[in-house]
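Welcome! Here is a short tour of a structure you may be seeing for the first time. Take a look at it, and then read on.

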Amino acid sequence: MLKRHFREFSVASALLLLLLLLALFAPAFFSPQPLLSRLTREAPALVVACGMALVIICRQIDISVGSQFSVCSVCAGLLAASGWPILLVLLASIVIGALLGAFNGLFIAGLRLPSIVVTLATMVILRESLRLARQGQFVNLPENLQWFGLSQKTGQLLLIAIALLLLVFLLFILNYIAAGRFVYAVGSDAEAARLAGIHPQLVTFLVFMFTGSLVGLASFLNIVQSPQVDPNSGSGLELKTIAAAVFGGVAVSGGRGNLFGVFLGLLLLGCVNPALIYLDIEAYWEKAIQGGIILVAVIADGLRTRRQSR
């Protein structure tokens with residue numbers, strides 16, 4: 001079991017070590033309300049990271065999720081500001097995200113174009129279109145939208161619960177439902193999956209579409225935390241979610257990964273920025289650390305693949 005889940009144990013150990021260092025040198029990190037606020041801020045990222053893990057397991061990549069997140073957040077904010085009910089705003093955000101994901105899927109699965117090229121293009125198109133449309137202007141939200149109209153603490157707990165329930169649901173789907181096993185099969189060997197009666201292109205398309213819908217859900221979970229929507233709210237989200245996925249044990253070569261490891265990886269990454277602040281280290285190191293984590297994970301996967309091929 002240790003060999004099978006070595007990456008998850010490694011991430012858990014690193015997380016425990018970081019928390020121990022913070023307990024020794026920055027005990028204020030564990031103050032209840034700031035800690036709850038930090039966990040709440042990571043809830044949308046966890047939802048997107050689950051989608052990113054599915055994409056990578058399917059042997060693809062999506063670097064447009066940050067731009068999709070910004071577009072969905074602004075669109076949901078504008079709908080809420082125009083008087084739409086909360087439930088309809090949520091559904092609209094999910095549908096917009098699903099359409100953006102389906103747009104990527106059409107080119108990747110339909111035309112069989114490289115996912116990194118397609119999502120790089122859509123990332124730039126969405127980001128620059130949003131910049132041109134909004135000119136950096138924030139969207140003011142109605143008061144009844146914040147924290148779902150509940151108290152702040154209740155709203156925070158509800159956000160965390162939604163993200164965790166989604167994680168458990170997807171863990172069940174990937175481990176016990178045929179549709180989840182199809183994703184692993186296509187990521188492991190698309191041709192073998194096709195011979196087994198699976199349609200690799202359809203699976204790939206649905207994975208991108210589903211990931212887009214998760215981005216839409218995450219963007220809604222993000223806007224309810226603030227009275228305004230920042231058009232740049234998704235900046236850096238793609239790097240963070242990719243780092244959480246690959247460091248949490250999702251193989252960049254596809255076909256292998258565990259969402260619980262992704263959860264642990266995101267927790268570790270979520271602790272990095274506040275840890276840097278509490279330890280009086282420049283917060284600008286956060287992105288460098290995320291990039292280093294991706295590099296370490298890729299090297300580890302490469303060494304593991306080479307060892308297995310011998």
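## Getting started

The helices named in this report are DSSP runs (H or I, at least four residues; strands are E runs of at least two), and they are numbered from the N terminus. This is a predicted model, in which local features need pLDDT of at least 70 and side-chain atom pairs count only at pLDDT 80 or more, while totals for chains, interfaces and linings use all residues. Residues are numbered from 1 along each chain as its sequence is written, and side-chain values use heavy atoms, with hydrogens and water left out.

## A leucine in the first helix

Let us begin with L22, which sits in helix α1 (residues 6–25). Is L22 buried or exposed? With a relative accessibility of 0%, L22 counts as buried; the word buried means under 20% relative accessible area, exposed means over 50%, and partly exposed lies in between (1.4 Å probe, protein chains only).

Which residues does L22 touch, not counting those up to four places away in sequence? They are P27, F29, F30, A275 and L279, where a contact means heavy atoms within 4.5 Å. L22 and G234, for their part, are 212 residues apart in sequence, and their C-alpha atoms are 28 Å apart in space.

## Salt bridges

How many salt bridges does the structure hold? There are four, each being a side-chain nitrogen of Lys or Arg within 4 Å of a carboxyl oxygen of Asp or Glu. One of them joins the side chains of K240 and E42, with 2.7 Å from N to O. This pair links distant parts of the chain, since K240 belongs to helix α10 (residues 237–247) and E42 to helix α2 (residues 32–57), 198 residues apart.

Both partners of that bridge are buried: K240 has a relative accessible area of 14%, and E42 has one of 17%. Leaving out residues up to four places away in sequence, E42 touches K240, L266 and G270.

## Bridges within a helix

Another salt bridge brings together the side chains of R194 and E191, at 2.5 Å from N to O. These two residues are three places apart in helix α8 (residues 190–195), so about one helical turn separates them. R194 is partly exposed at 45% relative accessibility, and E191 is also partly exposed, at 42%. Elsewhere, R127, E128 and R131 are joined into one network by salt bridges that share partners.

Within that trio, the side chains of R131 and E128 meet in a salt bridge of 3.5 Å, N to O. Both lie in helix α5 (residues 115–134), three residues apart, about one turn of the helix. An α-helix has 3.6 residues a turn, so residues three or four places apart point the same way. R131 counts as partly exposed at 49% relative accessibility, and E128 does too at 32%.

## The nonpolar core

A nonpolar core is a set of buried Ala, Val, Leu, Ile, Met, Phe, Trp, Tyr and Cys residues joined through side-chain atoms within 4.5 Å. The largest one here has 87 residues, and those with the most contacts inside it are V47, F220, I223 and L259. Helix α2 gives the most to this core, with 13 residues.

What does V47 contact, leaving aside its neighbours within four places in sequence? Its partners are A163, L166, L214, L217, A218 and L221.

## Helices α3, α4 and α5

The expected span of a helix is 1.5 Å times one less than its number of residues. Helix α3 (residues 65–81) has 17 residues and should therefore span 24 Å, which agrees with the 24 Å between its end C-alpha atoms. Of its 17 residues, 14 are buried, so α3 is largely enclosed by the rest of the structure. Just after α3, G83 takes a positive phi of about 105 degrees.

Helix α4 (residues 86–110) has 25 residues and an expected span of 36 Å, and its end C-alpha atoms are 35 Å apart, which agrees. After α4 comes R112, whose phi is positive, near 60 degrees. On the α4 side, L100, F103, N104, F107 and I108 meet S115, V118, T119, T122 and L126 of α5. The two helices, α4 and α5, pack at an angle of about 145 degrees with their axes 9 Å apart; axes are lines fitted to C-alpha atoms, for helices over the stretch in contact, and angles run from 0 to 180 degrees between N-to-C directions.
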